[in-house]
Amino acid sequence: MTELKELALWNYADWAAAISVLVLGGFLIGGAFAITRPQDEVLGHPKGLYMLFFAEMWERFSYYGMRALLTLYLVKHWLFDDSNANLIYGAYTSLVYITPVLGGWLADKYLGQRKAVLFGAVLLTAGHFFMAFEGDGSGYANDSTVNIFWLALALIIVGSGFLKANISVMVGQLYPRTDIRRDSAYTIFYMGINLGAATGVLIAAYIGETVSWAWGFGLAGFGMLLGLVVFVLGKSLLRGNGESPVPAKLKEKVAGLNLEWLLYVVGLVGVAVIWVLIQYQETVGWILLLSGILLLGYVLQQALYKLPGEDGTVSKGSTTGIFYGGVAALLVAAALMFYQNGTSLISNAVGGLGLILVIAASAMEAKKSENYARDRVFAMIFVILLMPLFWGLFEQAGGSMNLYTDRHVDRGGIPTTFFQSINPIYIIVLAPLFAAAWQWMARGGWEPSAIAKMGLGIVQMGLAFVVFVWGAEQFSVTGESGALLTPVLFLFLFYLLSTTGELCLSPVGLSAINRLSARHMASLMMAAFFFGTAGGNYVAGFMGSLMGEGEGGDMTREAALEVYWAMGLVAVGIGVFVTIVSPLVKKLMHLDKLTDDNVGDDLAGQSEGPGEAQGAGIHPEVKG
C-alpha cells in the first residue's frame, strides 16, 4: 500500500477527496437529525423519504465508486484490450438493469419490496467486498483470481436486481397518486443518491486509482454495508409500505424449505447463472433481445386481456391469435438474427410483420372499449422504449468516454476517475432547481408533460456529444507527446448537457411509471423501465467496442469522435420527434382520471409500530 502523503504535498485530488469526506459526514449528521425528529414530515416530505435517500445513497456510493474504476481496472490490471473492456462494461451494467425484472416480479408476487431490498443489499455488500481480491496483476489470461472477479460482478448484478426497482417503488408508496409532491420527491431522492455517487468517485475511486485497486473496491463495499444498516434501522419510517402481499404463503414449506428461503436460494442460483453469462458478453446482447420481446409481450398481454375496463369487464380475447402470432414472429426474427449473427432481409421482414401484428391487435382492442389502465400501459411502453437510446449515449461516460478522458483530454494532472464525479455533482447542484421549477410550473398550470420533458432530455444528451466533438475538432491542443488533447472545458460541457438531459428524463420517467402503474403491477413496470435502461447500457458497451475495431481492439481518437458525432445527431433528431408527439402520448395517460389508492390506514395494526406483532404491516391484513 502507498504511504500517505504529507499535508504540504497534497494536490487538488487529495484535497477534493478530503473535502468529500467532510461533506459526506455533514450530510450524515444532518440526515440523522432529520429522521429522528418527532414530526412525521421534514421539509414537507415524509421521513421515510430521507431514510430511503440515505440507504440508496450508500448503494450509489459503492456502485459509482466501482463504476469509475471498472474500465480502467479491466484495461490496466486485468490487461483486456479496449474493445473487450467496453463489452464487459456494457454487459455488466446492462445485467445490473435487467435483473430487476426478476427482483420486481418476486417482490410484487411474494416477498414485498422491503424484504427484496434487504436481500439485495446483502448480496451487494458481499459482491463489493469480493472486488477487493485483485490477484497478482499478471492479467486475466494468467491469473485464476479472475474467477473471484467474475463472482463479485455476479453478486453485484443479482443484488442490484432485488434492490434497484423496489427501492424506487417504495418512494412512490409514501405519497398518494395525485400528490403534486411526487415529482419533487423523486428529484430529491435522485439528488440524494447522486451525493453517494459523487463521494463514491471522489473517495473510493480516488483511492483505487492512486493507492490500490483493492482498497478502493473494499471501501465501496464498506459503503454498501452502511447502506444495509441504515435500511434495517429505518424500517419503521416506511409506514408499513413494501411488505409481502402474501405473508402466510412465505411460511409454507416447499421442497423442505419455507417459500421465503427458497426464493433466496433462487437468487443464489441466479448468481451462478450470471457468473457464467458475464464471461460471454455477446450472449448477453441476444438474451436482452429475447427477454425484451418476452417482457414487453407479457406487459402488453396483461394490459390487453387482463386489466378490466371502465365498465368493469375484461377483453374476451378475440384478438389473441393476432397478438400471439405477432410475438411469435418477433421471437423468430430474433432467433434468425442470433443464428446469422446479424440482420438479414428475411429477419427484418419477419420482425416487421410481427411488429405490425402486435400493433394491430393493440389498436383493435383499444377501439372495443374504454380502458384507462390499458392506455396508461401503452404510454409507459413508449417511455420504456426511449430508455435504450438515452442510456446508450449517457453510459459512454463510464466506458469509452472514460478511456478517451484518460488518453485524449488535457486533464492537467487530475486523476481520470475524478471526472466521473462531475455528473453527480451537477445533479446535486441542479436537482433542487429542477424540483422547484417543476412544482412552480405545475402550480401555474404550464408544466411540460412528462413525455415532453423526456424529449427535451434526449435532445440535450445529443447536444452533449455534438458540442464535445465540435470542441475537440476546433480547439484541441498539442500535448507533451505530440498527441492532440481536447480542452477539459468541453468535458465539463459534455457532462453539463448530459446531466440536464438526465434530470429531464430519468426522475421524471421514474415518477411517471410509478404514478401510472396499476398497484399490483408497480414493481413489474418499474423493472421494465430499468430493463430499457439495461438495453441502453449494452448498446453503450457495444458502441464503445466499435471504436476499437480495426485497431487491435484499442480505441483511437478519430474513431471515437466520428461515432460520437453520429450518435449526437441521431439523438437530437429523435428528441425533437418525441417532443412533437408528446401531446398524443399524454392523452393515453388519462391524468384527469387518476384517483388515489385508499392507503395509509388500511392495514391492521399499522399504527401500532414495529414492537407489535402486526406492527408496520408485518402481517398486512386489510381492515374491515
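Let's start with what an axis is: a line fitted to C-alpha atoms, for helices over the stretch in contact, with angles running from 0 to 180 degrees between N-to-C directions. Helices (H or I, at least four residues) and strands (E, at least two) are DSSP runs, numbered from the N terminus.

The model is predicted, so local features need pLDDT of at least 70 and side-chain atom pairs count only at pLDDT 80 or more, while totals for chains, interfaces and linings use all residues. Residues are numbered from 1 along each chain as its sequence is written, and side-chain values use heavy atoms, leaving out hydrogens and water.

**Exercise 1. Describe how helix α12 and helix α13 are placed against each other.**

Step 1: Find the helices. α12 covers residues 320–340 and α13 covers residues 345–368.

Step 2: Get the two numbers. Two packed helices are described by the angle between their axes and the distance between the axes. Here the axes come within 7 Å and cross at roughly 160°.

Step 3: Name the arrangement. Angles under 35 degrees count as roughly parallel, over 145 as roughly antiparallel, 65 to 115 as roughly perpendicular and the rest as oblique. So α12 and α13 are roughly antiparallel.

Step 4: Add the handedness. A crossing is left-handed if the near helix is turned anticlockwise from the far one by less than a right angle, and right-handed if clockwise. α12 passes α13 in a left-handed crossing.

**Exercise 2. Do the job again for α17 and α20, then sort the residues of their contact.**

Step 1: α17 is residues 450–475 and α20 is residues 557–589. Their axes are 7 Å apart, at an angle of about 165°.

Step 2: That angle makes α17 roughly antiparallel to α20. The crossing of α17 past α20 is left-handed.

Step 3: Now sort the contact. Ala, Val, Leu, Ile, Met, Phe, Trp, Tyr, Cys and Pro count as nonpolar, Asp, Glu, Lys and Arg as charged, and the others, Gly among them, as polar. You get 23 nonpolar residues, 6 polar and 1 charged.

**Exercise 3. Check the span of helix α14, then look for a bend and for cover.**

Step 1: The expected span of a helix is 1.5 Å times one less than its number of residues. α14 (residues 372–394) has 23 residues, so it should span 33 Å, and its end C-alpha atoms are indeed 33 Å apart.

Step 2: The bend at a residue is the angle between axes fitted to the seven residues ending there and the seven starting there. α14 bends by about 25° at M387, and the proline P388 follows within four residues.

Step 3: Buried means under 20% relative accessible area, exposed over 50%, partly exposed in between (1.4 Å probe, protein chains only). In α14, 19 of the 23 residues are buried.

**Exercise 4. Which of A255 and H590 is buried, and which is exposed?**

Step 1: Place them. A255 sits in the loop between β3 (253–254) and β4 (257–258), and H590 is in the segment after α20.

Step 2: Look at phi. Although A255 is not a glycine, its phi is positive, about 55°. H590 isn't a glycine either, and has a positive phi of about 50°.

Step 3: Use the accessibility. A255 has 78% relative accessible area, so A255 is exposed; H590 has 17%, so H590 is buried.
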